Amino acid sequence: MRRYLLDTNILVFLILGKNEEVSRNVLEVLEDFNNEICTSSICVAELLQLFRIGKIKLSSYRTLNEIQSTIGEKFYIKVLPFSNEHTETFSKLEIYKGHNDPFDHMIISHAITEKLCLISSDKMFSNYSNQKLDFICNKR
């Protein structure tokens, strides 16, 4: 069994039914029931923030609980809490020049701490491999 951490953009594609935005290699990971698919509570918070500021439309969902239920019950994705241990990794993370998104830094720190392979469409994440980030890029 291999464990994976999905970035927010992958969650958005799944929740909005935009499977065409998910590459074949990522779909194979998601469809393999031998894998454990997780996301960070930071991703759920970012998803909620994107909804609140109107960057994404989640017309089928009215509450955070509905979004979280869908993540777990429909997609079988486990939401992992962000803890003090993850914050410790976050505090030591070397920030790649030009990559200033604190949500991304926390998600990367979560993956490094838990030794999870991070899946994202954000190519900037590949710059953190020298900090022990295992990364799969969703090439759209």
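How many disulfides does the structure hold? The structure is a predicted model, and the count is zero. The points below take up two cysteines and one helix pair.

1. Cysteine 43 is in no disulfide. Its nearest cysteine sulfur belongs to cysteine 38 and is 11 Å away. A disulfide would need the two sulfur atoms within 2.5 Å. Cysteine 43 counts as buried because its relative accessibility is 0%.

2. Why does cysteine 137 form no bond with the closest cysteine sulfur? That sulfur, in cysteine 117, is 11 Å from the sulfur of cysteine 137, which is too far for a bond. Cysteine 137 has a relative accessible area of 16% and is therefore buried, the cut-off being under 20%.

3. Helix H1 covers residues 8-15 and helix H3 covers residues 41-52. Their axes come within 9 Å and cross at roughly 60°, so H1 is oblique to H3. The crossing of H1 past H3 is right-handed.

4. Which residues make this contact? On the H1 side they are Thr8, Leu11, Val12 and Ile15. H3 supplies Cys43, Glu46, Leu47 and Leu50. By class, the residues of the contact of H1 with H3 are six nonpolar, one polar and one charged. Glu46 of H3 is the charged one, and Thr8 of H1 is the polar one.

5. Cysteine 43 appears in two of these points. The residue is in no disulfide, and it is one of the H3 residues in the contact with H1.

Technical notes. Residues are numbered from 1 along each chain as its sequence is written. This is a predicted model: local features need pLDDT of at least 70, side-chain atom pairs count only at pLDDT 80 or more; totals for chains, interfaces and linings use all residues. Side-chain values use heavy atoms; hydrogens and water are left out. Buried means under 20% relative accessible area, exposed over 50%, partly exposed in between (1.4 Å probe, protein chains only). Axes are lines fitted to C-alpha atoms, for helices over the stretch in contact, and angles run from 0 to 180 degrees between N-to-C directions. Helices (H or I, at least four residues) and strands (E, at least two) are DSSP runs, numbered from the N terminus. Angles under 35 degrees count as roughly parallel, over 145 as roughly antiparallel, 65 to 115 as roughly perpendicular and the rest as oblique. A crossing is left-handed if the near helix is turned anticlockwise from the far one by less than a right angle, and right-handed if clockwise. Contact means heavy atoms within 4.5 Å.
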